[in-house]
Amino acid sequence: MRRNNIDISFIVIIIILAGSSLRNGAFSDPRAWLLDKLLLIPAIIIGLSMHEFAHGLVAYKLGDNTPKLQGRVTINPLAHIDWLGLAALFFCGFGWGQPVQINPYNFKNRRRDELFVALAGVVMNLIMAALFTLVAKVFIMAAGPEFIVNTTIGDGIWTMLIYIVQINLVLMIFNLIPCPPLDGFNILANIVGFGQTETYWKIYQYGNWILVAIIIFGVTGMVISPCVNFFMNLFWAVIL
């Protein structure tokens, strides 16, 4: 996701989703809710930081040294985490990292290379989901189902691994939605051929409010949940 500054639209989304999250867990069982959220932190950090790292790496490899000069071609989470975006994802499932800045004029083939940069984040999330599915497979083979089911440590590690897979899938699917400021809009714009045109910027200026609307009316849930379930079932077939 691309987020250059915080405006009222993001505040509206955060308040609505945070309120829903708190009602669904924190008030009924605060201790269990907090423990569950703590187990979610590694997944959030890995998902966000690797997503942004991929944008920076691909842009750099395609000839733009802007991400390299800004220290973004690294897997160090501190280079990619936006603390407000991290907190938002922690509390309400909607968040962002620090957007990687690029200079498209450094690309040899601007339209093609901007498409590759836009795709890089979601492809990386898919790779991370697949990778940690394999990690979960190795863990369950090495530790055994009894360790996972019957011990707090085993259950905690297993939960963290599953969360890493799920969060990366959520970030992948969410960012593929063709609505600015999400990567999916840039992907669509460069495929169709209206990237960086007047039409692009006219749509982009209303993007945050379009995103607010589709989240409030549950469109994101209708898109994300079935897709995540599909990939989770696919990965489960590998694990079991």
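The chain is built from helices, 11 of them, with zero strands. Reading along the sequence simply gives one helix after another, in the pattern α-α-α-α-α-α-α-α-α-α-α. The model is a predicted one. Of the 240 residues in the chain, 48% are buried. As for the surface, the chain exposes about 12100 Å², and carbon and sulfur atoms supply 68% of that area. Contacts reach well along the sequence too: taking those between residues at least 6 apart, 73% join residues at least 24 apart.

Two helix pairs show how such contacts look up close. To begin with, helix α2 spans residues 30-61 and helix α7 spans residues 152-176, and the two pack with their axes 8 Å apart at an angle of about 45°. An angle of that value is neither under 35 degrees nor in the 65 to 115 range, so α2 counts as oblique to α7. Their crossing is right-handed. On the α2 side, the contact is made by Asp36, Leu39, Leu40, Pro42, Ala43, Ile44, Ile46, Gly47, Leu48 and His51. Facing them from α7 are Gly156, Thr159, Met160, Tyr163, Ile164, Ile167, Asn168, Leu171 and Asn175. Sorted by class, this contact has 12 nonpolar residues, six polar ones and one charged.

Just past α7 comes a detail of the backbone. Proline 181 sits in the loop between α7 and α8. The peptide bond leading into it from proline 180 is cis, with omega near 10°.

The helix on the other side of that loop, α8, takes part in the second pair. Helix α8 (residues 183-192) packs against helix α5 (residues 110-143), with the axes 9 Å apart and an angle of about 155° between them. Angles over 145 degrees count as roughly antiparallel, and α5 and α8 are therefore roughly antiparallel to each other. Here α5 passes α8 in a left-handed crossing. From α5, the residues making the contact are Arg111, Glu114, Leu115, Ala118 and Leu119. The α8 side brings in Asp183, Asn186, Ile187, Asn190, Ile191 and Val192. By class, that makes six nonpolar, two polar and three charged residues in the contact of α5 with α8.

Taken side by side, then, the α2 and α7 pair is oblique with a right-handed crossing, while the α5 and α8 pair is roughly antiparallel with a left-handed one.

Key:
Residues numbered from 1 in each chain as written. Predicted model: local features only at pLDDT ≥ 70, side-chain atom pairs only at ≥ 80, totals over all residues. Heavy atoms only, no water. Helix = DSSP H or I, 4+ residues; strand = E, 2+ residues; numbered from the N terminus. Buried < 20%, exposed > 50% of the residue type's maximum accessible area, 1.4 Å probe, protein only. Contact = heavy atoms within 4.5 Å. Areas by Shrake-Rupley, 256 points an atom, 1.4 Å probe, with all protein chains shown as cover. Axes fitted to C-alpha atoms, helices over the stretch in contact; angles between N-to-C directions. Left-handed = near helix turned anticlockwise from the far one by under 90°. Nonpolar A, V, L, I, M, F, W, Y, C, P; charged D, E, K, R; others polar.
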